[in-house]
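Me: I should like to learn how to read the features of a structure such as this one. May we go through them in turn?

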Amino acid sequence: MAAPEEQDLTQEQTEKLLQFQDLTGIESMDQCRHTLEQHNWNIEAAVQDRLNEQEGVPSVFNPPPSRPLQVNTADHRIYSYVVSRPQPRGLLGWSYYLIMLPFRFTYYTILDIFRFALRFIRPDPRSRVTDPIGDIVSFMHSFEEKYGRAHPVFYQGTYSQALNDAKRELRFLLVYLHGDDHQDSDEFCRNTLCAPEVISLINTRMLFWACSTNKPEGYRVSQALRENTYPFLAMIMLKDRRMTVVGRLEGLIQPDDLINQLTFIMDANQTYLVSERLEREERNQTQVLRQQQDEAYLASLRADQEKERKKREERERKRRKEEEVKQQKLAEERRRRNLQEEKERKLECLPPEPSPDDPESVKIIFKLPNDSRVERRFHFSQSLTDFQYDVE
């Protein structure tokens, strides 16, 4: 028997409500109904949205704020590989280094002070992301103009979209932040990132997302990943049901070293992806099993409802038949009663029968259609109406 709050639901909505509760395991019927109403009683969309929430993807009715998808960067097991610039060698090298050291220190100190003061005068325009897709496309075009078309396949979407796709497809996501003003960026892009063996590894084993930190979208990702130097690469994957940075590569790195480091990071974390795939397969199998059970339940329910409907129709047919027979009997009884009353009324109007020795009378015999006979004497003075009364 339906609860009071469910009495205004149709039969179809009630079935969907019970099916949604079985699929999601939500105990509160009010919450199940609220979720289905949000999705206009589309049970497939409601179940998918519920599963997304359980996996950490925000509900479509609770969109995330307009900032990059949160990535766990606090894991102490992150593999970090930092390449430092080579130290000067020989007397001439050290002499040049010591001579240029005060100039470098002064230059970068003044530059940092200028940038710090500029923030109070004019906010950094990169902090406002208005066209993230445009930022990505613009970087791709500038990259190809400068380094050619032989490069890893860029992910043509926002950082958040790349994270979602990597999570859905259970793939590694390699993020590259390009520092336009850094002295090592050109050499890294030209000799390392565009190397054929590096391109082959990236295109076959992972998604690749890249952007310049001079673009608002790249700057926003930079604020999230907190790189220390350029070139900067971060390997991100689904780990413990969260998108997590599992490797950081900073500084100028050669193609062979990059391939070795990326391969090491992937091999060290491959078990997490395998485990997640198995869990997803198990969840999918469980969902399919529940769906089959629900379909069987609904089929059984419909069969029971059909049997009950036929029984109700049969009971209704018998009731109508009995009612018709009863009405016919009542009509026949009323007809007989009316005939009897009419006969008694006419008999009351019939004059008394004369005596057999009355010379002014005559005996008349009536033979009825059922072969019965009716005999009676009448006065000569009586009319034909009296004959009719007697016969009736």
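**Reading the strands, core and helices**

Reply: Let us begin with a strand in this predicted model. Eight of the nine residues of strand E5 (residues 242-250) are buried, so E5 is largely enclosed by the rest of the structure.

Me: How many bridges join E4 to E5, and do the two run parallel or antiparallel?

Reply: E4 and E5 are antiparallel, and eight bridges join them. Within this pairing, Met-237 stands opposite Thr-244 of E5. The hairpin of E4 and E5 has two residues between the strands, and there Asp-240 adopts a positive phi near 55 degrees.

Me: Which residues touch the most other members of the largest nonpolar core?

Reply: A nonpolar core is a set of buried residues of the nonpolar kinds, joined through side-chain atoms within 4.5 Å. In this chain the largest such core has 54 residues, and those touching the most other members are Leu-173, Val-175, Tyr-176, Phe-188, Trp-209, Leu-225 and Met-235. Strand E4 (residues 232-239) gives the most to this core, namely seven residues. A second, separate core has ten residues, among them Phe-20, Ile-26, Cys-32 and Leu-36.

Me: What does Leu-173 touch, if residues up to four places away in sequence are not counted?

Reply: With those residues left aside, Leu-173 touches Ala-162, Leu-163 and Ala-166, then Leu-207, Phe-208 and Trp-209, and also Ala-234, Met-235 and Ile-236.

Me: How should the packing of two helices be described?

Reply: Two packed helices are described by the angle between their axes and the distance between the axes. For helix H5 (residues 132-147) and helix H7 (residues 185-193), the axes come within 11 Å and cross at roughly 75 degrees. Angles of 65 to 115 degrees count as roughly perpendicular, and H5 and H7 are therefore roughly perpendicular to each other.

Me: Which residues of H5 and H7 meet?

Reply: From H5, Phe-143, Lys-146 and Tyr-147 meet Ser-185, Asp-186, Cys-189, Arg-190 and Leu-193 of H7. By class, the residues of this contact are four nonpolar, one polar and three charged.

Me: Is helix H9 mostly covered or mostly open, and what lies over its buried residues?

Reply: Helix H9 (residues 216-225) is mostly covered, with seven of its ten residues buried. The buried residues of H9 are Pro-216, Glu-217, Gly-218, Tyr-219, Val-221, Ser-222 and Leu-225. Their cover includes H5, helix H6 (159-169), strand E2 (172-178), strand E3 (206-212), E4 and E5. Just after H9, Arg-226 takes a positive phi of about 55 degrees.

Me: Turning to charged side chains, does Asp-165 count as buried or exposed?

Reply: Buried means under 20% relative accessible area. Asp-165, which lies in helix H6, has 17% relative accessibility and so counts as buried. Not counting residues up to four places away in sequence, Asp-165 touches Tyr-155 and Leu-207.

Me: What is the relative accessible area of Lys-16, and what does Lys-16 touch?

Reply: Lys-16, in helix H1 (residues 11-24), is partly exposed, with a relative accessible area of 23%. Lys-16 touches Leu-36, Trp-41 and Ile-43, again not counting residues up to four places away in sequence. The C-alpha atoms of Lys-16 and Asn-42 are separated by 8.7 Å, although these residues are 26 residues apart along the chain.

Me: What do the totals for the chain show?

Reply: The secondary structure comes to eleven helices and seven strands. Of the 392 residues of the chain, 33% count as buried. Among contacts with a separation of 6 or more, residues 24 or more positions apart account for 65%.

Terms used. Residues numbered from 1 in each chain as written. Predicted model: local features only at pLDDT ≥ 70, side-chain atom pairs only at ≥ 80, totals over all residues. Heavy atoms only, no water. Buried < 20%, exposed > 50% of the residue type's maximum accessible area, 1.4 Å probe, protein only. Helix = DSSP H or I, 4+ residues; strand = E, 2+ residues; numbered from the N terminus. Contact = heavy atoms within 4.5 Å. Axes fitted to C-alpha atoms, helices over the stretch in contact; angles between N-to-C directions. Parallel < 35°, antiparallel > 145°, perpendicular 65-115°, else oblique. Nonpolar A, V, L, I, M, F, W, Y, C, P; charged D, E, K, R; others polar. Pairing = 2+ DSSP bridges.
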